[in-house]
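The following paragraphs go through one protein model, element by element. Please keep the sequence and the coordinates at hand while reading.

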Amino acid sequence: MATLLIKLNVSVSTRKMYLYSLASKFIILFLTIAIASSNGENTYDDGIYEFLKREYSLSKPYQGLGSSSSSHWEFMGNSMVMPEQIRLTPDLQSIQGAVWSRVPCYIRDWELRVQFKIHGEGKKNLNGDGMALWLTKDRMQIGQVFGSANFFTGLGIFIDTYPNDEKQHERTFPFISAMVGNGSVSYDHDRDGRTTDLGGCTAHVRNTEQDTFLLIRYMKNRLTVMTDVDGKQEWKDCLDVPGVRLPQGYYFGASSATGDLSDNHDLISFKLYELTVERSPEEEEDQQEITLPSVDYRVDPNVNIEDEGRSILTVFFLFIVSVVALVVVVVVGLFLYNQYKENRRKRFY
Ligand SMILES: [Ca+2]
């Protein structure tokens, strides 16, 4: 009996020890996760890590904003901070507003996630003009491109809510597009930037019930834009362009403008994540040479490549058919001629 009691005691204390060790493991795991998330660190696909960079980010309650030189962000035009958003423009005619980072960005690989809201009283196609997100050499310059300067040097992402070019039947608005400017190329507002854009997508972002988000990723010179605008909580492809070369030390910004038509253009959050990406020595060297923004290859929207490709194929096909037909005619002709000669020879003898 005594032996049994001892055995029971031993097994109870072993179980306690096991439970204690399990509990402590859980606590350690919990603390690790808590510390990691408080640092703004998350694991990304393929082992790439992302770190939230607070100095380039904006979110409620929008601290670190204003005219003081210690603030990271500065206002321009009619933009204003409200409890739930930064209103770049109210739903009034001929208004411009912007917010610009004061800190030049030397992060090479990054992902920007923007929550925004575009809403107003105007009926469909009686609203405008949209908003833009920037990473440019110059900052705080009022102008004609969604409230910011034209002939910009850097990257512009446009959420264009009004079709200025009536001929754009194949594009449904609102339309999101991207442009890389080198200081000497104009954004053509009357053509909705069609002549210079790197492509884009339609996104129904206006007067929606659900929250609307945009993701811009710049990783190893590849520019990717995705949207999450239909309340499904998943990113949808919009634009993906390799060979986009952007120099370091540029400024992030967001701007908006209204004209005869208007909308509320609200920036709710602007979160910049640094991505940790491994590079080969060649890629390192390639990066150091970038002094002016450029794109290795841009599809010219005025040339219909599909049609051109088709016509080249047609010409090639016709050429092959002609050659084959010519050979057949020659061979058949020779055969018939030989037959004719043979018949004549037989008739003579
Ligand atoms: Ca437009």
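In which loop is Pro61 found? Pro61 sits in the loop between strand S2 (49–52) and S3. The model is a predicted one, and in it the peptide bond from Lys60 to Pro61 is cis, with omega near 5 degrees. A second cis bond leads from Gly128 to Asp129, with omega near -5 degrees. Asp129 belongs to the loop between strand S7 (110–119) and S8. As background, most peptide bonds are trans, and most residues other than glycine have a negative phi.

The second part of that background applies to two further loop residues. Phe151 is not a glycine, yet has a positive phi of about 55 degrees. Its place is the loop between strand S9 (142–145) and strand S10 (153–160). Phe151 has 15 C-beta neighbours inside 10 Å and therefore counts as partly exposed. Asn207, also not a glycine, has a positive phi of about 50 degrees. This residue lies in the loop between S12 and strand S13 (212–219). Asn207 is partly exposed, because 16 other C-beta atoms lie within 10 Å.

Next comes the overall makeup. The secondary structure of the protein comes to three helices and 19 strands. The protein has 349 residues, of which 28% count as buried. Take the contacts between residues at least 6 apart in sequence: 70% of them join residues at least 24 apart.

How are the strands of the open sheet ordered? Seven strands form this sheet, in the order S3-S6-S17-S8-S10-S11-S12, and their pairing is antiparallel. Strand S3 (73–77) and strand S12 (200–202) stand at the edges; each has a single partner strand, so one side of each is left without a neighbour in the sheet. On average, neighbouring strands of this sheet are turned by 15 degrees against each other, direction ignored. Within the sheet, strand S8 (residues 130–136) and strand S17 (residues 251–257) pair over seven bridges in the antiparallel sense. In this pairing Ala132 stands opposite Ser255 in S17. In a regular strand the side chains alternate between the two faces of the sheet.

Ala132 also has a place in the nonpolar core. The largest nonpolar core holds 55 residues, and Ala132, Ile157 and Ala254 are the members that touch the most others. What does Ile157 touch, not counting residues up to four places away in sequence? Ile157 touches Ala132, Leu133, Ala178, Ile216 and Val225 on that count.

Ala254 leads on to another residue, Leu267, in strand S18. Is Leu267 buried or exposed? Leu267 has 24 C-beta neighbours inside 10 Å and so counts as buried, the cut-off being 20 or more. Leaving out residues up to four places away in sequence, Leu267 touches Gln85, Ile86, Leu88, Val99, Phe116 and Ala254. Leu267 is 11 residues from Ser256 in sequence, and their C-alpha atoms are 10.0 Å apart in space.

One of the contacts of Leu267, Ile86, has a partner of its own in a strand pair. Val81 stands opposite Ile86 in S5. Here strand S4 (residues 80–81) and strand S5 (residues 86–89) pair in the antiparallel sense over two bridges. S4 and S5 form a hairpin, with four residues between them. S5 is in turn joined by three bridges to strand S18 (residues 264–275), and these two strands run antiparallel. Thr89 stands opposite His265 in S18. S5 thus has bridges to S4 and to S18.

The last point is the confidence of the prediction. The protein averages a pLDDT of 85, and 80% of the residues score at least 70. Over residues 1–12 the pLDDT stays under 50, and the model has zero contacts beyond four places in sequence for them. Over residues 304–309 the pLDDT is below 50 as well, and this stretch has two contacts in the model beyond near neighbours in sequence.

How values were computed: Residues numbered from 1 in each chain as written. Core = buried A, V, L, I, M, F, W, Y, C linked by C-beta atoms within 7 Å. Buried ≥ 20, exposed ≤ 12 C-beta atoms within 10 Å, placed from the backbone. Contact = placed C-beta atoms within 7 Å. Pairing = 2+ DSSP bridges. Axes fitted to C-alpha atoms, helices over the stretch in contact; angles between N-to-C directions. pLDDT = per-residue confidence, 0-100.
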